Amino acid sequence: MAITDKIYLKNHRQIVSQLDVNIPKGAFSGATMDVLYSGEGLAKLDDATRDRLLDFAEDFLDPENPDDLYTGYPERQFVRYLLELRAQGLGPDAIVDVMSDEYMLYAYPGDVLSFLDSAVRTLEAAETLAEVDGDDEMEAKMRKARKALSG
């Protein structure tokens, strides 16, 4: 299960109440994105909620090519966001706090930790493959990325 399947709308009940329509808790659920980011959906929300969800839409749901929206673009952008927060030295709890403050999203710190651990293991494997392949430049790049995530 991808980390984006474990990212949820904070204040889900409040949002559902304001919209007067039931939507899934998952922030990356197709139904959630369709309702929240249509003009009509956002217009029903209070100002604070609308502003944060608009920030989310602007940062993760605005590809150069509109067709990319349905090819995993939002999920890739969000994964990049999580990795950048970790590279800045934030731990799982702090990452959850930041995403909550910035976008009204939450996740369980254990899920974020598991995702980060998996990312480090993937980079270790890529580093080893580059070493076996004799690609010193790629090996160094993977090592640098792994160390940035490892802290």
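Does His-12 count as buried or exposed, and at what relative accessibility? His-12 counts as buried, because its relative accessibility is 13%, under the 20% cut-off for that class. The model is predicted. The protein chain has 151 residues, and buried residues make up 36% of them. Its elements are 8 helices and 2 strands.

**Overall build**

- The order of elements from the N terminus is β-α-α-α-α-α-α-β-α-α.
- Along the principal axes, the C-alpha atoms of the protein chain fill a box of roughly 60 × 35 × 25 Å.
- Take the contacts between residues at least 6 apart in sequence: 47% of these join residues at least 24 apart.

**His-12 and its surroundings**

- Helix α1 is where His-12 lies.
- With neighbours within four places in sequence left aside, His-12 is in contact with Ile-23, Pro-24 and Lys-25.

**Aromatic pairs**

- The structure contains 12 aromatic pairs.
- One of them joins Phe-28 and Phe-78, with ring centres 5.2 Å apart and planes at 65°.
- This pair is edge-to-face, because its angle is over the 60 degrees that the class requires.
- Phe-28 sits in the loop between α1 (12-19) and α2 (30-36), while Phe-78 sits in helix α5 (residues 73-87).
- The pair therefore ties together parts that are 50 residues apart in sequence.
- Phe-28 and Phe-78 are both buried.
- Phe-56 and Phe-60 form a tilted pair, because their planes meet at 45°, which is neither under 30 nor over 60 degrees.
- The ring centres of Phe-56 and Phe-60 are 5.1 Å apart.
- Helix α4 (residues 47-60) holds both Phe-56 and Phe-60.
- Phe-56 and Phe-60 are 4 residues apart, about one turn of the helix.
- Phe-56 is buried, and Phe-60 is buried too.
- Ring pairs join Phe-28, Phe-56, Phe-60, Phe-78, Tyr-81 and Tyr-103 into a cluster.

**Nonpolar cores**

- The largest nonpolar core has 32 residues.
- Within this core, the residues that touch the most other members are Ile-7, Leu-36, Phe-56, Phe-78, Met-99 and Leu-105.
- Two or more core residues come from each of α1, α2, α4, α5, α6 (92-103) and α7 (109-133).
- Another core, of 5 residues, lies apart from the largest one.
- Ala-119, Val-120, Leu-123 and Met-142 are among the residues of that other core.
- Leu-105, a member of the largest core, has many contacts beyond its neighbours within four places in sequence, including Ile-7, Tyr-8, Leu-9, Lys-10 and Ala-27.
- Phe-56, Phe-78, Val-96, Met-99 and Ser-100 are also in contact with Leu-105.

**The largest pocket**

- The volume of the largest pocket is about 220 Å³.
- Residues that line this pocket include Gly-30, Met-33, Asp-34, Tyr-37, Ala-57 and Leu-61.
- Asp-62, Leu-69, Tyr-70, Gly-72, Pro-74 and Glu-75 also line the pocket.
- By class, the lining has 7 nonpolar, 2 polar and 3 charged residues.
- α2 and α5 each supply at least two lining residues.
- The largest share of the lining, 3 residues, comes from α2.

**The loop between α4 and α5**

- Pro-63 is found in the loop between α4 and α5, and Tyr-70 is found there as well.
- Pro-63 counts as buried, because its relative accessibility is 9%.
- Tyr-70 counts as exposed, because its relative accessibility is 66%.
- Leaving aside neighbours within four places in sequence, Pro-63 is in contact with Asp-68, Leu-69 and Tyr-73.
- Pro-63 and Gln-77 are 14 residues apart along the chain, and their C-alpha atoms are separated by 9.6 Å.
- Tyr-70 and Gly-30 are 40 residues apart in sequence, and 9.0 Å separates them in space, C-alpha to C-alpha.
- Both Tyr-70 and Gly-30 belong to the lining of the largest pocket.

Methods. Residues are numbered from 1 along each chain as its sequence is written. This is a predicted model: local features need pLDDT of at least 70, side-chain atom pairs count only at pLDDT 80 or more; totals for chains, interfaces and linings use all residues. Side-chain values use heavy atoms; hydrogens and water are left out. Rings of Phe, Tyr and Trp (its six-membered ring) pair if their centres lie within 6.5 Å; planes under 30 degrees apart count as stacked, over 60 as edge-to-face and the rest as tilted. Buried means under 20% relative accessible area, exposed over 50%, partly exposed in between (1.4 Å probe, protein chains only). A nonpolar core is a set of buried Ala, Val, Leu, Ile, Met, Phe, Trp, Tyr and Cys residues joined through side-chain atoms within 4.5 Å. Contact means heavy atoms within 4.5 Å. On a 1 Å grid over the protein atoms alone, a cavity is a set of points where a 1.4 Å probe fits but cannot get out, and a pocket is an open set with protein on both sides within 12 Å along at least five of seven lines; lining residues have an atom within 4 Å of a point. Grid points are joined across faces, edges and corners, and a volume is the space filled by probe spheres set on the points. Ala, Val, Leu, Ile, Met, Phe, Trp, Tyr, Cys and Pro count as nonpolar, Asp, Glu, Lys and Arg as charged, and the others, Gly among them, as polar.
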